[in-house]
Amino acid sequence: MTAWRQYIVRAQMAMDGLAWGLGAIRSTLVERGLWPARELAVVAADGRPAWVRGAQVRSRSSQGKPAGLVVPEANCLAGELRLPEMRRGDLEAAVQEALWRLSPVPPDQIAYAWDAAPDAQSGWLVSWLMCRRSAVEDLLAHHGMAADAPVYLGKSGRVLSVRGRSWNKQQAQQRRVDGWASAGLVLVLAMLVAPALMPLALKHRAVAQALQHVQGLEEQAAPLRQKLDELRSQALIGDELAKSISADPPLASLVERLSAALPDDAWLDRIEVNGGEVRVSGLTANANELLAQLGRQPGLADARATGANVRDTALNKERFTFEMRWRAEGVQP
């Protein structure tokens with residue numbers, strides 16, 4: 001047997017055990033009057049009228065004609081047998097075969113009843129009762145009952161129904177009753193649980209509506225979000241420009257400083273400004289004196305010559321190239 005087949009068999013056995021457990025619970029509820037079931041008027045083993053409900057026998061008044069019969073325990077054989085693991089639906093055939101082997105008379109001459117429960121070890125534990133069919137027929141005839149009337153075999157104050165046509169009919173009726181009772185029980189539970197679940201359902205609905213509303217707002221806000229992103233990027237660009245502008249020296253002030261520092265016989269050929277760095281070139285009578293004069297200006301710092309000064313003999317002046325750093329107002333050198 002493959003592993004997959006073993007898993008299927010195990011699952012089927014577990015479902016059979018669950019079905020037996022539910023049946024045992026139903027039988028207990030039936031005997032205590034907590035589950036609907038048909039009560040059958042019978043003649044008890046001692047000849048007195050009684051009611052049979054599930055596997056329980058209780059006395060009744062003598063009013064009404066009995067519809068069933070309880071065979072006395074003295075007329076029956078009883079015992080237990082163990083069967084290996086098998087499907088619950090296969091128990092009927094297995095029990096019949098086992099009882100026929102145990103029967104002292106041919107199988108067609110016995111009436112039997114049995115009940116099975118899962119064994120604590122493994123398999124099934126079967127409690128059985130059997131009696132001669134001729135004894136059952138004699139008792140039915142003695143009490144004026146039909147040959148197919150329900151018959152029960154009694155032991156220790158409890159009864160088991162003889163398997164046959166009447167038993168099959170009773171089982172079909174009980175299944176219909178169980179179906180209606182289960183449907184009613186589910187309906188009652190639903191009515192009891194509904195008020196408790198209603199707030200949760202309302203909250204779920206409110207959350208769903210809120211999510212739907214938020215989704216709608218997000219769809220409406222998508223164009224605005226795009227515009228906000230554009231504005232944010234433009235603001236960043238503006239900040240960068242503002243920082244750049246604040247970092248660059250004001251040209252008017254720079255020209256004013258240079259004009260104040262240059263003597264009358266000097267002039268500039270070129271002014272280059274790169275951020276805070278300033279580069280100037282031109283002609284003057286004394287380049288060293290001009291460099292010192294530029295170094296004393298409050299808005300200029302780090303004045304230096306980038307190369308040797310060259311004298312222009314035609315103009316009798318020195319050609320210079322100076323570099324310096326612009327210092328904003330209020331900033332210490």
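1. D178 is buried, at 13% relative accessibility. The cut-off for buried is under 20%. This is a predicted model, and the points below should be read as such. D178 has a charged partner: R26 forms a salt bridge with D178, with the closest N and O atoms 2.6 Å apart. R26 sits in helix α1 (residues 3-31) and D178 in helix α4, so the pair ties together parts that are 152 residues apart in sequence. The two ends differ in cover. R26 is partly exposed at 26% relative accessibility, whereas D178 counts as buried.

2. Salt bridges elsewhere. The whole structure holds 13 of them. Side chains of opposite charge can pair when their charged atoms come close. One pair is D229 with R232, at 2.8 Å from N to O. Both residues belong to helix α4 and are three residues apart, about one turn of the helix. Both ends are partly exposed: D229 has 40% relative accessibility, and R232 has a relative accessible area of 48%.

3. R325 and D302 form another salt bridge, at 3.0 Å from N to O. Here the pair joins strands. R325 is in β14 (residues 317-326) and D302 is in β12 (residues 300-305), so parts 23 residues apart in sequence are tied together. R325 is partly exposed at 30% relative accessibility. D302 is also partly exposed, at 46%. Separately, E39, R53 and R58 are linked in a network of salt bridges.

4. Which elements supply the largest nonpolar core? Those giving two or more residues are β5 (77-83), α2 (91-102), β6 (110-118) and β7 (124-132). Helix α2 gives the most, with five residues. The core has 18 residues, and those touching the most other members are L81, L83, L91, L99, W114, W124 and V126. Another core lies apart from this one. That other core has 16 residues, among them A287, L290, L300 and F320.

5. W114 deserves a look of its own. This residue is one of the core members that touch the most others. Setting aside residues up to four places away in sequence, W114 touches L91, E92, V95, V126, S127, W128, L160 and R163. That list includes two further residues of the best-connected group, L91 and V126.

6. Follow the W114 contact to L160. L160 lies in strand β9 (residues 158-161). Beyond its neighbours within four places in sequence, L160 is in contact with A113, W114, D115, S127, L129, V151, Y152 and L153. I110 is 50 residues from L160 along the chain, and their C-alpha atoms are separated by 15 Å.

7. Strand β8 is the next stop. Is β8 enclosed or open? Four of the five residues of β8 (residues 151-155) are buried, so the strand is largely enclosed by the rest of the structure. Strand β4 (residues 68-71) pairs with β8 in the parallel sense, over three bridges. Within that pairing, L153 of β8 is the bridge partner of V71.

8. β8 also pairs with β9. The two run antiparallel and are joined by four bridges. Y152 has S161 of β9 as its bridge partner. Two residues separate the strands in this hairpin, where S156 takes a positive phi near 55°. Side-chain contacts should be read with the strand geometry in mind. In a regular strand the side chains alternate between the two faces of the sheet.

9. What does D119 contact? D119 lies in the loop between β6 and β7. Leaving out neighbours within four places in sequence, D119 is in contact with R82, W124 and L125. W124 is among the core residues that touch the most other members. D119 itself counts as buried, at 16% relative accessibility.

10. Last, the surface of α4. L185, V188, L189, L192, V193, L197 and L200 form a nonpolar patch there, with about 630 Å² of accessible area together. L192 is one of the patch residues. L192 lies in helix α4 (residues 165-247). With a relative accessible area of 61%, L192 is exposed. The same helix carries D178 and the D229 and R232 pair.

Technical notes
Residues numbered from 1 in each chain as written. Predicted model: local features only at pLDDT ≥ 70, side-chain atom pairs only at ≥ 80, totals over all residues. Heavy atoms only, no water. Patch = residues over 30% accessible without salt bridge, like charges linked within 9 Å, V, L, I, M, F, W, Y side chains within 5 Å. Areas by Shrake-Rupley, 256 points an atom, 1.4 Å probe, with all protein chains shown as cover. Salt bridge = Lys/Arg side-chain N within 4 Å of Asp/Glu carboxyl O. Buried < 20%, exposed > 50% of the residue type's maximum accessible area, 1.4 Å probe, protein only. Contact = heavy atoms within 4.5 Å. Core = buried A, V, L, I, M, F, W, Y, C linked by side-chain atoms within 4.5 Å. Pairing = 2+ DSSP bridges.
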